[in-house]
Amino acid sequence: MSNDPYGDRGNKDWSVGNAKGQGSIMPKASGKTHPAPGGPFLIGDSMTAGYGAGPDILHDCTIAVDRGEIAVIVGPNGAGKSTGMKAVFGMLDMRKGHVRLDGEDITNLSPQDRVAKGMGFVPQTSNIFTSMTVEENLEMGAFIRRDDFRDTMAQVYDLFPILKEKRNQAAGELSGGQRQQVAVGRALMTQPKVLMLDEPTAGVSPIVMDELFDRIIEVARTGIPILMVEQNARQALEIADKGYVLVQGANAFTGTGKELLADPEVRKSFLGG
Amino acid sequence: MDLLNAFIALSNYVLIPGIAYGSQLALGALGVTLVYGILRFSNFAHGDTMAMGTMATILVTWLFQSMGLSLGFLPTALLALPFGIGFAILLLLGTDRVVYKFYREQKAKPVILVIVSLGVTFIYNGITRFIIGADDQNFLDGERFIMSARDFKALTGLKEGLAFKTTQGITIVTAIIVVALLFWFLNKTRAGKSMRAYSDNEDLALLSGINPERVVMITWIIVAALATIAGTLYGLDKSFKPFTYFQLLLPIFAAAIVGGLGSPVGAIAGGFVIAFSEVTITYAWKKVLGYVMPEGLEPDGLVQLMSTDYKFAVSFVILLIVLLIKPTGLFKGKSV
C-alpha cells in the first residue's frame, strides 16, 4: 500500500486520465504582508524549508539580490539550489525565515500573488507551454496585465530576434536554446521587478549557452535584478556580482563572483581546481 | 441502375440520420474532451450530466406548454434550453465545490478522479430517476418535418422519398453554431487561451498569474452548456430516457478517443466516425443496392451487417481498434 492516498500507485493508463502537465504546486491561500524596510531588494533570509510534511531540505539558508545585480547560486547536485529558488517563490513550506521584496515581508504570499508583486520565475523544466505558439506563450506571460503589452512584446522580440521569426510556431517544436528564450521572454512579459532563473542553460550546447549568458547580461543591463541557479559554475560566477555556494541546503561560501573564483577552497571543491 | 433514387434512399436512411446523430455525439464528446484536457480525468458522469440538463429542459418545456408558450413550428424545448443550461451550470459548479474541489486540492491523480466521477454518475442517475422517472418522455412539439417523404415525392416525382425532420435540421444548425463559438472562444479569447495554457502546464499557468479555480469554473460552465445542448437535441430527435443517456457514454467516449482525447477537433471528427459506422453497419442495404446493382443481381436478403441491437458493439470495436493501433487518436490527443 502506498502512503499517498491520492496517488495512482504507478498507473500510467492515460486513456482515463491526463497526468501530463498536472501541477505540483500545492494550492495555498495568501496571508498578510507587512512592511520590513532595509536590506537587499529581494532576500530569502535564513530559510529553513521542506516539501509538505517531509524533512527540511534548506537549513538556515540565505539568498539575496540587490538592484542592478546578478546573483548566482552554485553548488553540487542535490545541494538545494533549485529548492532555495522555490522557497523564495513560496512553492514549499517555510518553517523558519522570511522572504522580503522591496521592503515588504512577503513570506506568507502564494506564488501567484508573488507574480503580481513583480517577481518573475523561470522554472528549470516545463517552462514553456509546448502546445501553444511562441506569441501565445508571451501573451500568457502577460496574463496579469490589463494594459497594452505590445511594447513589452516588441522588446522581447528585440532581445530574442529568433522568436519573432518563429512567433506563429508551436513552442514545443523549437530547439532547446530557443525554448529557453521563450521561457525567459514569457517571464519578462509581466515587466518583473526581479527575475529568477532556474538553470537557464540546462541541456543546451556550449555555443547556445554563451549566447544565453549574453542575453541574460543584456536583461540585467535594463535594470532588472537577476537571481539564478547555474550548473556551469565557472561561467556563471564570471558574470555574477554576487555568488552563493550551497552545500546540503546551507550556505557554504558567499562573496562576489570574483572572490569565489579566486577562493582556493571553492576552486578545489566546485570548480575542478 | 438508378443512381439518383439510390442516392436519395442513402441520404434518407444513412446520410441525414448519420449527420444528425454525429452532431449529437460530437457535442457530447466535446464536453468529455474538455474535461479530460483541462480537469485531466475521463468524466464518467457526462452521460448523466446530459440527462440532468435535459430533464431540467423538459420540465421547463412542460411548464411553458402548460402556459401556452410556444415557438410556432420550432419545438418549445429550444425556449426552455437556456433554463436547462442554467440548471446544469449550477449543478456542475455545485458538484465541483462539494466533490471535485477536495481532490483537486490534494493534487489527487487523475485515476482517483475517474472513480470519483463514477460515484457522481450514480448520484445524478438516481436523482434523475427520482424526479422524472425511468420511463420514456416525449417533449417534442411544433412542426415534425421540414420536408416529409410524401412532399418530396410529390415535388420531384421520384420513387424514393427524402424526409428531413425538424429536429435533424435544428441539431445540425445548432451543432455548427456551438462548435464555431467554442473554437473562437478557445483560440481567440484571453479566457480560452488561459484554459489551453492550464491544460498544457498547470504550474506554469499559475506562475503566469492564471487563476486555476477560474479556469476550472469556466470549463464546467462550458461543459454544462455542451452537455445540455447535446442531451436536449438527442432527446428531441429520439426520446428522453435516463438509461439511454447513461448508455450514450460508450459512443461518446469512443468518439472522443477515436479523435484523440483532449483534442476538440478530434472530438467532432470522432463523433461523425462513430455515428456513420453505427448507422452504416446496422442499416439494411437492400434498398440502395437494389437501385445500384445491375438487373438480376439485386440482393434477396436485407444486406444488414448487424442487427441494430448490436449498435453499441460497433463503437466498442472501433474503440478497441483505435486503442490497439493508434492510441493517440486521429488528431493526436494526449492519451498514450
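In strand 7 of chain A, A:M119 and A:F121 point one way while A:G120 and A:V122 point the other way, and all are buried. A buried residue has 20 or more other C-beta atoms within 10 Å of its own, an exposed one has 12 or fewer, and a partly exposed one lies in between, with C-beta atoms placed from the backbone. Strands (E, at least two residues) and helices (H or I, at least four) are DSSP runs, numbered from the N terminus. In a regular strand the side chains alternate between the two faces of the sheet.

This is a predicted model, in which local features need pLDDT of at least 70 and side-chain atom pairs count only at pLDDT 80 or more, while totals for chains, interfaces and linings use all residues. Residues are numbered from 1 along each chain as its sequence is written, and chains are lettered from A and ligands numbered from 1 in the order in which they are written.

Strand 7 belongs to an open sheet of six strands in chain A, with the order 7-8-9-4-10-11 and mixed pairing. Strand 7 (119-122) and strand 11 (250-255) of chain A are the edge strands; each has a single partner strand, so one side of each is left without a neighbour in the sheet. From one strand to the next the twist averages 15°. Two strands count as paired if DSSP finds at least two bridges between them.

The pairings can be followed inward from strand 7. Strand 7 and strand 8 of chain A run parallel and are joined by four bridges. Across this pair, A:F121 stands opposite A:M196, and A:V122 stands opposite A:L197. Strand 8 of chain A is covered on both faces, with A:V194, A:M196 and A:D198 buried on one side and A:L195 and A:L197 buried on the other. Five of the five residues of strand 8 of chain A are buried, so this strand is largely enclosed by the rest of the structure. Strand 8 of chain A also pairs with strand 9 of chain A in the parallel sense, over four bridges, and there A:L197 has A:M228 as its bridge partner. Strand 9 (residues 226-229) of chain A in turn runs parallel to strand 4 (residues 70-74) of chain A, again with four bridges. In that pair A:I73 stands opposite A:V229.

Helices pack on this sheet. Helix 1 (residues 81-88) of chain A touches strand 4, strand 8 (194-198), strand 9 and strand 10 (242-247) of chain A, and its direction makes about 150° with that of strand 8 of chain A. Helix 6 (residues 176-188) of chain A touches strand 7 and strand 8 of chain A, and its direction makes about 165° with that of strand 7 of chain A. These angles run from 0 to 180 degrees between N-to-C directions, with axes fitted as lines to C-alpha atoms, for helices over the stretch in contact.

A:M196 appears again in the nonpolar core. The largest such core has 164 residues, and those with the most contacts inside it are A:M196 and B:A255. A nonpolar core is a set of buried Ala, Val, Leu, Ile, Met, Phe, Trp, Tyr and Cys residues joined through C-beta atoms within 7 Å. Helix 1 of chain B gives the most to this core, with 17 residues. Not counting residues up to four places away in sequence, B:A255 touches B:L25, B:A26, B:A29, B:A267, B:G270, B:G271 and B:I274. Contact here means that the C-beta atoms of two residues, placed from the backbone, lie within 7 Å.

The two chains also meet directly: 37 residues of chain B are in contact with 37 residues of chain A. On the chain B side, helix 1 (3-39), helix 3 (77-105), helix 4 (110-132), helix 7 (190-200) and helix 8 (202-207) each supply at least two residues. Helix 7 of chain B has the largest share of that side, six residues.

Two residues of chain A have a backbone angle worth noting. A:R9 is not a glycine, yet has a positive phi of about 50°; A:R9 lies in the segment before strand 1 (34-35) of chain A and counts as exposed, with 9 C-beta neighbours inside 10 Å. A:D102, also not a glycine, has a positive phi of about 50°. A:D102 sits in the loop between strand 5 (93-101) and strand 6 (104-105) of chain A and is partly exposed, with 17 other C-beta atoms within 10 Å.
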